[in-house]
Amino acid sequence: PLCVSAGTGFVGVRCPAHAVAVALLREAAIPVAAPSANRFGHVSPTSAQHVLDDLGAHDIAVLDAPGCDVGIESTVARIDVSQAQLL
């Protein structure tokens, strides 16, 4: 759906390593669509407080769990039938 792809025709898929995020996804037992926990161009958050500092002015829910060890920016790969491109 366009609401998941932001009108681009593409979708991002994340594979979290944090035990609480993995448990949440297992419990949901369905795909979960959610935005990034930071604004475009901002550093990846490593705690719930970082998310609230960046996005707190919006009506959001934040799952608060012990912080991540590191904030690693996403690697984006665009895959289509004619080409593969690392962005």
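This section describes the overall architecture, the confidence, the single salt bridge and a nonpolar surface patch of a predicted model.

The protein chain comprises three helices and two strands. Along the sequence, these elements succeed one another in the pattern α-α-α-β-β. Helix α1 covers residues 2–5, helix α2 covers residues 19–28, and helix α3 covers residues 48–55. Strand β2 spans residues 83–86. When taken along the principal axes, the box filled by the C-alpha atoms has dimensions of roughly 40 × 30 × 25 Å.

Confidence in the prediction was assessed for the protein chain by pLDDT, which averages 80. A score of at least 70 is reached by 92% of the residues. Confidence is highest in helix α2, where the value is 91, and lowest in strand β2, where the mean is 66.

With regard to burial, 10% of the 87 residues in the protein chain are classed as buried. The chain exposes about 7,300 Å², and 61% of this area is supplied by carbon and sulfur atoms. Contacts were also examined by sequence separation: among those between residues at least 6 apart in sequence, 31% join residues at least 24 apart.

One salt bridge is present in the structure. The partners are D54 and R39, with the closest N and O atoms 3.8 Å apart. This pair connects distant parts of the chain, since D54 lies in helix α3 and R39 in the loop between α2 and α3, a separation of 15 residues. The two partners were also examined for solvent accessibility. D54 has a relative accessible area of 17% and is therefore classed as buried, the cut-off for that class being under 20%. R39 has a relative accessible area of 35% and is therefore classed as partly exposed, as this value falls between the 20% and 50% limits. The salt bridge thus joins a buried residue, D54, to a partly exposed one, R39.

A nonpolar patch was identified on the surface. The residues V4, V11 and V13 make up this patch, which has an area of about 290 Å². Of these residues, V4 is placed in helix α1. The relative accessibility of V4 is 40%, so that V4 counts as partly exposed. This value also satisfies the requirement for patch residues, because they must have over 30% relative accessible area.

How values were computed. Residues numbered from 1 in each chain as written. Predicted model: local features only at pLDDT ≥ 70, side-chain atom pairs only at ≥ 80, totals over all residues. Heavy atoms only, no water. Salt bridge = Lys/Arg side-chain N within 4 Å of Asp/Glu carboxyl O. Helix = DSSP H or I, 4+ residues; strand = E, 2+ residues; numbered from the N terminus. Buried < 20%, exposed > 50% of the residue type's maximum accessible area, 1.4 Å probe, protein only. pLDDT = per-residue confidence, 0-100. Patch = residues over 30% accessible without salt bridge, like charges linked within 9 Å, V, L, I, M, F, W, Y side chains within 5 Å. Areas by Shrake-Rupley, 256 points an atom, 1.4 Å probe, with all protein chains shown as cover. Contact = heavy atoms within 4.5 Å.
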